Amino acid sequence: MNVIEAILKRRSIRKFSKEKVSDEIINKLLEAAMAAPSACNKTPWEFYVVKSDEMNRKLEDPQYFRTYESPLKIVVCGNKNDFMANDREEFWVQDCSSAIENILLSALEYGLGTCWCGVYPVNDRTKACKSVIGLDDNIIPLGIILVGYPLEDKEARTQYEKNRIHII
Ligand SMILES: Cc1cc2nc3c(=O)[nH]c(=O)nc-3n(C[C@H](O)[C@H](O)[C@H](O)COP(=O)(O)O)c2cc1C
């Protein structure tokens with residue numbers, strides 16, 4: 001699968017088999033994540049790899065999250081200690097988002113499906129996620145990435161709209 005095919009093929013998958021993802025593949029996903037671009041190369045990201053069934057179920061609590069059952073979740077967080085200063089601080093969201101997209105795309109290489117479930121900036125989700133995982137104050141969870149072998153197939157597509165393009 002080439003890069004364009006992967007970009008079009010990536011869809012949010014919300015039904016997974018119970019099959020575990022190997023540590024070797026998890027590491028490949030994290031290598032891809034940490035190859036992402038980052039403002040001033042601050043790389044302000046931390047990755048919490050949730051393999052335990054017990055913790056996975058906690059991160060599926062519908063009271064707080066819009067997540068689904070998956071055998072693996074990767075919680076992508078920003079580390080305040082590595083943020084840029086002053087009005088550049090919020091660049092961490094873009095840095096961590098580019099790392100997330102790399103996870104979503106590279107997962108396809110291994111036949112895995114993914115779904116990006118947003119946490120920050122929703123206050124109650126952020127609070128619940130921090131408390132479930134037991135994150136330090138300086139760590140902000142941006143998203144919970146569901147990962148697993150897909151039990152649903154979605155068609156590749158773009159949502160191209162010509163009127164969104166403004167040629168100057
Ligand atoms: C920042 C962000 C937060 C999202 N949060 C959720 C979520 O909490 N639960 C969920 O099921 N999907 C979530 N999604 C996935 C979107 O619903 C999905 O990307 C969108 O419907 C387009 O479908 P596609 O991913 O199949 O192209 C999120 C996506 C992004 C980028």
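This dialogue explains how to read the sheet, the core and the ligand shell of a predicted model.

Q: What kind of model is this, and how are residues numbered?
A: The model is predicted: local features need pLDDT of at least 70, side-chain atom pairs count only at pLDDT 80 or more, and totals for chains, interfaces and linings use all residues. Residues are numbered from 1 along each chain as its sequence is written.

Q: In what order do the strands of the open sheet lie?
A: Strands of a sheet pair through backbone hydrogen bonds, either parallel or antiparallel. Strands (E, at least two residues) and helices (H or I, at least four) are DSSP runs numbered from the N terminus, and two strands pair if DSSP finds at least two bridges between them. Here four strands form an open, antiparallel sheet in the order β1-β2-β4-β3. Its edge strands, β1 and β3, each pair on one side only. β1 and β2 are joined by six bridges; Trp45 has Gly78 in β2 as its bridge partner.

Q: Which residues touch the most other members of the largest nonpolar core?
A: In soluble globular proteins, nonpolar side chains tend to be buried together. A nonpolar core is a set of buried Ala, Val, Leu, Ile, Met, Phe, Trp, Tyr and Cys residues joined through C-beta atoms within 7 Å; buried means 20 or more other C-beta atoms within 10 Å of the residue's own, with C-beta atoms placed from the backbone. Among the 32 residues of this core, they are Val76, Ile103, Ile144, Ile145 and Val147. The largest share, seven residues, comes from α4.

Q: Which residues are around the ligand?
A: Nearness requires a C-beta atom, placed from the backbone, within 6 Å of the molecule. The residues are Arg11, Ser12, Arg14, Arg66, Cys115, Trp116, Cys117 and Gly118.

Technical notes
Buried ≥ 20, exposed ≤ 12 C-beta atoms within 10 Å, placed from the backbone.
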